[in-house]
Amino acid sequence: MSGFGGFVLRRGIGTVITLLAISVIVYVVFFVTPGNVAQITCGPRCSPEQVHQVAQQLRLDDPLYLRYWHFLQGILVGQDYSTGTSVEHCSAPCLGLSYQGDQQVTQLILAKLPVSLSLVFGAMVLWLILGVGTGVLSAWRRGRFTERLLTGITLAGVATPVFVIGLVLMIVVCGQLQLLPFPQYVALTDDPEQWAWNLLLPWLSLALIEAAAFARLTRASMLETLAEDHIRTFRAYGVGERSIIGRHALRGAFAPIIALNANNVGSAVGGAVLTETLFGLPGIGQELVHAVNVVDLPVVVGMVLVVGFFVVIANAVADVLYAVADRRVVLV
């Protein structure tokens, strides 16, 4: 197939292959390790009988390729787990069973995922508005005081850790000015207004850091686009500067912005640990830290797979949007 349809199909096939490769790497890293894999998987508080049961469920006596196939089969079609007194079915996609909390990892992740997605996508809207807007204004006012001021603010944003921004915002906005309550997560389905109101500070904390990177990238892309021949042609024909910026130069600078945004969204789903911990948000990042502390290996593996899934899917979507935004991209 050729054209845009073929391009999307090839990217889809590549995405599936990449996801399979990630599953192989994750399995080898976590389950083909020195030491007692069953003991590590079950946790330090498991009895010898429980460790033996886990070893049977992991099929540690089978060849490595059969063990991986059983692991992959559980993700694709589900599998059964023996709890000692009964058999529990784990529906696909089954990421295993948490032996610390006696809960399916998939259910645990699904319970935490809305919190992380609420944080990431709300912050994404803000960092795109702030970052792209700052970058465009900085490129437009190049060589003037406005550009120098915005460049200084951007550098400060890049150098400041997210927990510092979060603490300052809580102290000033919630403590001294009392403009907002201290954040406490409320589900979107329960109360949309309180959901947004309580997430405003976490959104700002995460967005201000990311917006600085977007501002620098947008400024550089805009300056490069503004120096191209077709932009000089528009100016020669008397096209207004605002029209050149908004209709022509900004579109040409969109491609790298899309790529950076996709990468940030994918990684931020599991990487916003500091933001979730600082504001007490019960998301995936905070749960991953807890799983590492209590050595809950199935939860750690499941979280890593989910984060990898979001990173790969986000970058696949970015490839398609990249081609839509920039017609100069060769569809291969």
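**View 1. N198 sits buried in helix 8, with a relative accessible area of 6%.** Buried means under 20% relative accessible area, exposed means over 50%, and partly exposed lies in between (1.4 Å probe, protein chains only). The model is predicted, so local features need pLDDT of at least 70 and side-chain atom pairs count only at pLDDT 80 or more, while totals for chains, interfaces and linings use all residues. Residues are numbered from 1 along each chain as its sequence is written, and side-chain values use heavy atoms, with hydrogens and water left out. Helix 8 covers residues 192-226; helices (H or I, at least four residues) and strands (E, at least two) are DSSP runs, numbered from the N terminus. To find the polar partner, follow the N198 side chain to the backbone nitrogen of Q184, at 3.2 Å. A polar contact here is a pair of N or O atoms within 3.5 Å; within protein, one must be able to donate a hydrogen and the other to accept it, and residues adjacent in sequence count only if both atoms are side-chain atoms. Setting aside residues up to four places away in sequence, N198 touches P181, F182, P183, Q184 and V186, where contact means heavy atoms within 4.5 Å.

**View 2. Q178 has a positive phi in the loop between helix 7 and helix 8.** The phi of Q178 is near 55°, and this residue is not a glycine. Most residues other than glycine have a negative phi. Is Q178 buried or exposed? Its relative accessible area is 63%, so Q178 counts as exposed.

**View 3. A nonpolar patch of about 770 Å² lies on the surface.** Its members are F163, V164, L167, V168, I171, V172, L177, L179 and L274. Helix 7 (residues 162-176) gives the most to this patch, with six residues. V172 is in helix 7, and at 31% relative accessibility V172 is partly exposed. Patches are made of residues with over 30% relative accessible area and no salt bridge: like charges are joined within 9 Å, and nonpolar side chains (Val, Leu, Ile, Met, Phe, Trp, Tyr) within 5 Å. The accessible areas come from the Shrake-Rupley method with a 1.4 Å probe, and for residues only the protein chains shown count as cover.

**View 4. T106, in helix 5, is buried and touches a loop that holds a cis peptide bond.** Helix 5 spans residues 105-140, and the relative accessible area of T106 is 12%. Leaving aside neighbours within four places in sequence, T106 is in contact with P93, C94 and L95. P93 belongs to the loop between strand 2 (87-90) and strand 3 (97-98). The bond joining A92 and P93 is cis, with omega about -5°. Most peptide bonds are trans. Look also for V299: its C-alpha atom is 8.7 Å from that of T106, although 193 residues separate the two along the chain.

**View 5. Y27 and Y68 form an edge-to-face aromatic pair.** A search of the whole structure turns up six aromatic pairs. Rings of Phe, Tyr and Trp (its six-membered ring) pair if their centres lie within 6.5 Å; planes under 30 degrees apart count as stacked, over 60 as edge-to-face and the rest as tilted. For Y27 and Y68, the centres are 5.8 Å apart and the planes stand at 70°. Y27 is in helix 1 (residues 3-31) and Y68 in helix 4 (residues 64-77), so the pair links distant parts of the chain, 41 residues apart. Both Y27 and Y68 are buried. Ring pairs join Y27, Y68 and F71 into a cluster.

**View 6. W195 and W203 make another edge-to-face pair.** Their ring centres are 5.3 Å apart and their planes lie at 75°, so the pair is edge-to-face. W195 and W203 are both buried.

**View 7. Two salt bridges are counted in the structure.** A salt bridge is a side-chain nitrogen of Lys or Arg within 4 Å of a carboxyl oxygen of Asp or Glu. In one, the side chains of R11 and D319 meet at 3.3 Å, N to O. R11 lies in helix 1 and D319 in helix 14 (residues 297-325), so this pair ties together parts 308 residues apart in sequence. R11 is partly exposed at 28% relative accessibility, and D319 is partly exposed at 33%. In the other, the side chains of K112 and E287 meet at 3.9 Å, N to O. K112 is in helix 5 and E287 in helix 13 (residues 284-293), so the bridge ties together parts 175 residues apart in sequence. E287 is buried, with a relative accessible area of 12%.
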